[in-house]
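Thanks for coming, everyone. Let me put the structure up, and then we will walk through it piece by piece.

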Amino acid sequence: MVIFIGKPGATPPVDPAAGAARDALKDKTPVVLLTGRAGTGKSWFIRELLRKDPLTPQVVLAPTGLAAMNIGGQTVHSFFGFPPRPLLGLDEKPNWFFTKNVRALRRIIVDEISMLRADVLDAMDKKLRQARKSIQPFGGVQMLLVGDFYQLPPVVRGDEARLLEDAGYSSAYAFAAHALRDATVSAFELTEIRRQTDPVFISLLQSLRDRRGVEEAVAELNVHCHEAPRLPSPVLLTATNAVADQYNARGLAALPGAAQVFEGALQGDVPKSGAPSDRLPAPMQLALKVGARVIFTQNDAEARWVNGSLGTVRAFEGEAVRVRIDGQDDDVLVARSSWPQQRWTFDEKTQTMKAEEQFRYLQFPLAPAWAITIHKAQGMTLDAVEVDLGRGAFAPGQTYVALSRATSMAGLRLTRPLTPRDVQVDPTIAEGLQRFT
């Protein structure tokens, strides 16, 4: 998930690319691709667009349930009614409900586009053309594709890579979709970084992102961040859920007393398959003790904390948890929160797209913070970060995502030295994006 995170009340990034992208949207450019490094405000751009342009019939979608919940939108598969399988050669006629909804649609916003597969984007194009009876790309619906292809990639399992190759895809990334060959695409890259201010650290992260001068960058990061003094109350980022769970279990067990377990709940029209626990923004069984380290997993409406704020549990008060946020003198009382999973429909009365809640997840916006996975940390800003890659990163962009959560090298510690092999960048990304620049 990519959410723009700053301190409460922080001013948004000022970036010429943001203005140019807004102009392209106003000029009805068929496809607008907005990319940018970690911390440049991509999801802030989406929120501002929705706030300033509420009358345009538009929907916000994301490739995964977690990303959809964090952006307040709907998954691509849910909105389009796609089956959970490769969508090569999909030839299912759109039903009446979908057709009614998309005939009035003017724009689709897809966040975290790096995780959307090319065959899914092509299936979106085909279904929109059918429903709107149009030969235009995406049936004439304007597409805003937002994300960073150098971060987490699409999931490709088993023989799916071979199937995609046999179908003529140069890669699994969305930019390889056949639908983009005939569409007019305007690409913009946000470059004003808000998360870090040290130009040296920014340059090192850029080297990891692009895999240019990576040996020198890795050596420099090892000098500053490996065997550095232990950080006060860091979050450990790990590659797998299993390792994160082990760290959190040890951290909780080291505290005295019995844990209080708070059960999360799903309400509404929940899919038959339920919601996988690793895709929930807070644990279904949230075990806490006084003294437990926690991380906030949602922005607070009153701006008392942001997604990624760290703290320590101080007490339990009825149906609330009292937390002292790092760096603050007073406690905050945290109540249960909710994450709606939206379903977009067309409101004939107002002639606008309307977000109806399909189901919601109820839980405290907290998670154990001794460790979290790199995947769940995407979009967070952390002042104190330890990175444990174990045997190494297993996906392109994973090391870059982990290190770029930190605000500075002083707040970053490596549990083992990085090696150039830890820095994986898919060479097809640069090649695939060239035709849009």
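Start with N95, at the beginning of helix α5. A side-chain oxygen of N95 comes to within 2.7 Å of the backbone nitrogen of F98. Keep in mind that this is a predicted model.

Now α5 itself, residues 96–103. Which of its residues are buried? They are F98, T99, N101 and V102. Look down the axis of α5: these buried residues fall within an arc of 165°, so they line one face of the helix.

From N95, jump to D15. The two are 80 residues apart along the chain, and their C-alpha atoms are separated by 41 Å. D15 sits in the segment before α1. Is D15 buried or exposed? Its relative accessibility is 8%, and D15 counts as buried.

D15 has several jobs for us to track on screen. One is a cap. It caps the N-terminal end of α1, with a side-chain oxygen 2.9 Å from the backbone nitrogen of A17. The D15 side chain also reaches the backbone nitrogen of T191, at 2.7 Å. And a polar atom of that side chain lies 2.9 Å from the backbone nitrogen of E192. Leave out residues up to four places away in sequence, and D15 touches E189, L190, T191 and E192.

On to α1, residues 16–26. This helix lies across β1, β4, β5 and β6. Against β6, α1 runs at about 155°. Its buried residues include A17, A18, G19, A21, A24 and L25. What do they pack against? The answer is β1, α2, β4, β5 and β6. After α1 comes K28, with a positive phi near 65°.

Those strands belong to a sheet, so let's lay it out.

It is an open sheet of 6 strands. The order is β3-β2-β4-β5-β1-β6, and the pairing is parallel. Where are the edges? They are at β3, residues 74–75, and at β6. Each has a single partner strand, so one side of each is left without a neighbour in the sheet.

Zoom in on one pair. Strand β2, residues 58–62, is joined to β4 by 4 bridges, and the two run parallel. Q58 has R107 as its bridge partner in β4.

R107 deserves a stop. It belongs to β4, residues 107–110. R107 is buried, at a relative accessible area of 5%. What is it in contact with, leaving aside neighbours within four places in sequence? The list is L25, L49, D53, T56, P57, Q58, V59, V141 and Q142. L25 there is also one of the buried residues of α1.

Next, helix α9, residues 199–210. A quick length check. At 1.5 Å a residue, its 12 residues should span 16 Å. The end C-alpha atoms are 16 Å apart, which agrees.

D198 caps the N-terminal end of α9. Its side-chain oxygen lies 3.0 Å from the backbone nitrogen of V200. The buried residues of α9 are F201, I202, L204, L205, S207, L208 and R209. What covers them? The cover includes β1, β6, α10, α13 and β20. So β1 and β6 come up again here, as they did under α1. Right after α9 we reach R211, whose phi is positive, near 55°.

Now a second sheet.

This one has 5 strands, also open, in the order β14-β13-β12-β11-β17. The pairing here is antiparallel. Its edge strands are β14, residues 331–335, and β17, residues 366–368, and each pairs on one side only. From one strand to the next, the twist averages 45°.

How many bridges join β11 to β17? There are 3, and the two strands run antiparallel. Strand β11 covers residues 293–296. Within this pairing, I295 stands opposite A367 in β17.

As background, strands of a sheet pair through backbone hydrogen bonds, either parallel or antiparallel. We have now looked at a sheet with parallel pairing and a sheet with antiparallel pairing.

Last stop: E386. This residue is in strand β19, residues 385–388. E386 is buried, with a relative accessible area of 7%. Which residues is it in contact with, beyond neighbours within four places in sequence? They are R230, P234, V235, L236, L237, R413 and T415.

That is the tour. Questions, please.

Terms used
Residues are numbered from 1 along each chain as its sequence is written. This is a predicted model: local features need pLDDT of at least 70, side-chain atom pairs count only at pLDDT 80 or more; totals for chains, interfaces and linings use all residues. Side-chain values use heavy atoms; hydrogens and water are left out. Two strands pair if DSSP finds at least two bridges between them. Axes are lines fitted to C-alpha atoms, for helices over the stretch in contact, and angles run from 0 to 180 degrees between N-to-C directions. Buried means under 20% relative accessible area, exposed over 50%, partly exposed in between (1.4 Å probe, protein chains only). The arc is that of the directions from the helix axis to the C-beta atoms. A polar contact is a pair of N or O atoms within 3.5 Å; within protein, one must be able to donate a hydrogen and the other to accept it, and residues adjacent in sequence count only if both atoms are side-chain atoms. The expected span of a helix is 1.5 Å times one less than its number of residues. Contact means heavy atoms within 4.5 Å.
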